[in-house]
Amino acid sequence: MKFARLTFIFMIGLVTAAFANAQGSAYPRGPVTLVVPFPAGGPTDAMARLLAQRLGDRLGQQVLIDNKGGAGGSIAAEAVAKAVPDGQTLFFGTTGTMAINPSLYSKLRYDPVKDFAPVSLMATTMNVLVVNPE
């Protein structure tokens, strides 16, 4: 748990520094929108809300959560990929939206490599597969 807290604090500092450096002292110019590719209430949404609260405190600006569920996160990723690249719209990408969807969908309307610039790793999770031994 201590490692997760340190990682979170480091990530907030990194995100804040990256945007302050890239945008100059004028960033942000208004509320920042953090697009989450899944409905409210799930683990991705919970992590995004923690980030939004802390990031908003650091930036002195409101960070709004925009949940856009559907198509394994592709709807949200496409919307952000087509947004104006001014730093006001951020995407809470996941392994699904950035690595798995390109393998699943033959006509994906965004390119995870070309359309997005990574800012920071937010969290890692472990997956467990449980089956009946019979």
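**Asp45, helix H2 and the parallel sheet**

Me: Which residues does Asp45 touch, not counting residues up to four places away in sequence?
Reply: Contact means heavy atoms within 4.5 Å. Asp45 itself sits in helix H2. With residues up to four places away in sequence left out, Asp45 touches Val36, Pro39, Ala40, Ile65 and Asn67.

Me: What kind of model is this?
Reply: Residues are numbered from 1 along each chain as its sequence is written, and side-chain values use heavy atoms, with hydrogens and water left out. Local features need pLDDT of at least 70, side-chain atom pairs count only at pLDDT 80 or more, and totals for chains, interfaces and linings use all residues, since the model is predicted.

Me: Does Asp45 count as buried or exposed?
Reply: Buried means under 20% relative accessible area, exposed over 50%, and partly exposed in between (1.4 Å probe, protein chains only). Asp45 has 5% relative accessibility, so it counts as buried.

Me: How far does H2 reach from its first C-alpha to its last?
Reply: Helices (H or I, at least four residues) and strands (E, at least two) are DSSP runs, numbered from the N terminus. The expected span of a helix is 1.5 Å times one less than its number of residues. H2 covers residues 43-59, 17 in number, and its reach is close to the expected value. That reach is 24 Å.

Me: Over what arc do the buried residues of H2 lie?
Reply: The buried set is Thr44, Asp45, Ala48, Leu51, Ala52, Leu55, Gly56 and Leu59. They fall on the same side of H2, because their arc (from the directions between helix axis and C-beta atoms) is only 130°.

Me: Which residues of H2 are exposed on the other side?
Reply: An α-helix has 3.6 residues a turn, so residues three or four places apart point the same way. Opposite the buried side of H2, the exposed residues are Pro43, Gln53, Asp57 and Arg58.

Me: Which element gives the most residues to the largest nonpolar core?
Reply: A nonpolar core is a set of buried Ala, Val, Leu, Ile, Met, Phe, Trp, Tyr and Cys residues joined through side-chain atoms within 4.5 Å. The largest has 13 residues, and Val32, Leu34, Leu51, Leu55, Val63 and Phe92 touch the most other members. Two or more residues each come from strand S1 (32-36) and H2. With five residues, the top contributor is H2.

Me: What is the order of the strands in the open sheet?
Reply: Two strands pair if DSSP finds at least two bridges between them. Five bridges join S1 to S2, and three join S1 to S3. Strand S2 (63-67) and S3 each have a single partner strand, so they stand at the edges. The pairing is parallel, and the order is S2-S1-S3.

Me: Which residue of S3 stands opposite Leu34?
Reply: S1 and S3 run in the parallel sense. Towards S2, Thr33 faces Leu64. Towards S3, Leu34 faces Leu90.

Me: At about what angle does H2 run to S2?
Reply: Axes are lines fitted to C-alpha atoms, for helices over the stretch in contact, and angles run from 0 to 180 degrees between N-to-C directions. H2 lies across S1, S2 and S3. Its angle to S2 is about 160°.

Me: What angle does H3 make with S3?
Reply: H3 (residues 74-81) has Ser74, Ala76, Ala77, Glu78 and Val80 buried. The cover over them includes S1, S3 (89-91) and helix H4 (95-104). H3 packs on the sheet, touching S1 and S3, and its angle with S3 is about 145°.
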